[in-house]
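Open the model in a viewer and keep the sequence panel beside it. The stops below say what to select next and what is there.

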Amino acid sequence: MIHKLLGKILDVARRRPASRHSAPKTERPAAQSEPDPIALPDCQVTFVDHDKTIAVHRGKTVLHAIIRGGIPLPHECGGLASCGECHVSSITGDVSDRREIETRILKILGRPLDGRLACQTLVFGAVSVTIAGQA
Ligand code: FES
C-alpha cells in the first residue's frame, strides 16, 4: 500500500514542470572587454625603475600590473580615482588616453599633471612605466 502511494507521488513529481525557482539556465554571453581567462596575458608592462616586466591582459590597468608584480605603490582607494596615491611620473606606450577624472584628482591633490594615475590607465600593448618621482 505504502509503495503504491510513494510510486504515485513520484509519478506526479516527475510530470510537474520545473518550479519557478529553478529558472532554465541560459548561457551568459561573455562581455567583449573581458579577457579570455584561458589566454595568456598579451601585454608587457615594463617598470623602468624596478627593472621588471609584467605581462597582463589587454584592457587591464597599470595598477593591476603593479599589484601583480609586487611593486610597492600605495593605492588606498582601490582604483576608484579618489586617493591619487597610484600617481606615477610617466607612462608611455599603448595606453588609454588621460581621463578627465585623472586631471581633476591630480589638480586637487597638487600632484604634477604630467604623470598618470595607474588605476585609470588601461594597457593595450607594450607599455613603459616610471614610478619614481611620485609626490
Ligand atoms: S588607487 Fe586611488 S587614485 Fe588610483
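Helices (H or I, at least four residues) and strands (E, at least two) are DSSP runs, numbered from the N terminus. This is a predicted model, in which local features need pLDDT of at least 70 and side-chain atom pairs count only at pLDDT 80 or more, while totals for chains, interfaces and linings use all residues. Residues are numbered from 1 along each chain as its sequence is written.

**Whole chain**

Start with the cartoon of the full chain. The protein chain has 3 helices and 6 strands, and from the N terminus they run α-β-β-α-β-β-α-β-β.

Colour by pLDDT, the predictor's confidence in each residue, from 0 to 100. The protein chain averages 83, and 70% of the residues score at least 70. Among the elements, helix H1 (residues 2–15) has the lowest mean pLDDT, 60, and strand E6 (residues 123–130) the highest, 98.

For burial, count C-beta atoms, placed from the backbone: a residue is buried if 20 or more others lie within 10 Å of its own, exposed if 12 or fewer, and partly exposed in between. By that count, 23% of the 135 residues of the protein chain are buried. Two residues are in contact if their C-beta atoms, placed from the backbone, lie within 7 Å. Of the contacts in the protein chain with a separation of 6 or more, 63% are between residues 24 or more positions apart.

**The sheet**

Select E1, E2, E4 and E6. These 4 strands form an open sheet in the order E2-E1-E6-E4, with mixed pairing; strands pair if DSSP finds at least two bridges between them. Strand E2 (52–56) and strand E4 (90–95) are the edge strands, each pairing on one side only. From one strand to the next the twist averages 15°, with axes taken as lines fitted to C-alpha atoms (for helices over the stretch in contact) and angles running from 0 to 180 degrees between N-to-C directions.

Zoom in on strand E1 (residues 43–47) and E2, which pair in the antiparallel sense over 5 bridges. Gln44 stands opposite Ala55 in E2, and Phe47 stands opposite Lys52 in E2. E1 and E2 form a hairpin with 4 residues between them.

**Two positive phi values**

Which residue in the loop between E1 and E2 should be selected next? Asp51 is found in that loop, and has a positive phi of about 50° although it is not a glycine. Asp51 is exposed, with 7 other C-beta atoms within 10 Å. As background, most residues other than glycine have a negative phi.

Go next to the loop between H2 and E3, where Ala81 lies. Ala81 also departs from that pattern: its phi is positive, about 60°, although it is not a glycine. With 16 C-beta neighbours inside 10 Å, Ala81 counts as partly exposed.

**Helix H3**

Select residues 100–109, helix H3, and show side chains. Its buried residues are Glu102, Ile105 and Leu106. Seen down the axis of H3, these fall within an arc of 100°, so they line one face of the helix; the arc is that of the directions from the helix axis to the C-beta atoms. The face turned away from the buried side carries the exposed residues Glu100, Thr103, Arg104, Lys107 and Ile108. What covers the buried residues of H3 includes strand E3 (87–88) and strand E5 (116–117). After H3 comes Gly110, whose phi is positive, near 70°.

Stay on Glu102 in helix H3. Is Glu102 buried or exposed? With 21 C-beta neighbours inside 10 Å, Glu102 counts as buried. Not counting residues up to four places away in sequence, Glu102 touches Ala81, Arg116, Leu117 and Gln120. The C-alpha atoms of Glu102 and Leu117, 15 residues apart along the chain, are separated by 6.3 Å.

**The nonpolar core**

A nonpolar core is a set of buried Ala, Val, Leu, Ile, Met, Phe, Trp, Tyr and Cys residues joined through C-beta atoms within 7 Å. The largest has 23 residues, of which Val45, Val62, Ala65, Ala118, Val123, Val127 and Val129 touch the most other members. The elements giving two or more residues to this core are E1, E2, helix H2 (62–68), E4, H3 and E6. H2 gives the most, with 4 residues.

Finish by centring on Ala118. Not counting residues up to four places away in sequence, Ala118 touches Thr61, Val62, Leu63, Ile66, Leu73, Cys86 and Val88.
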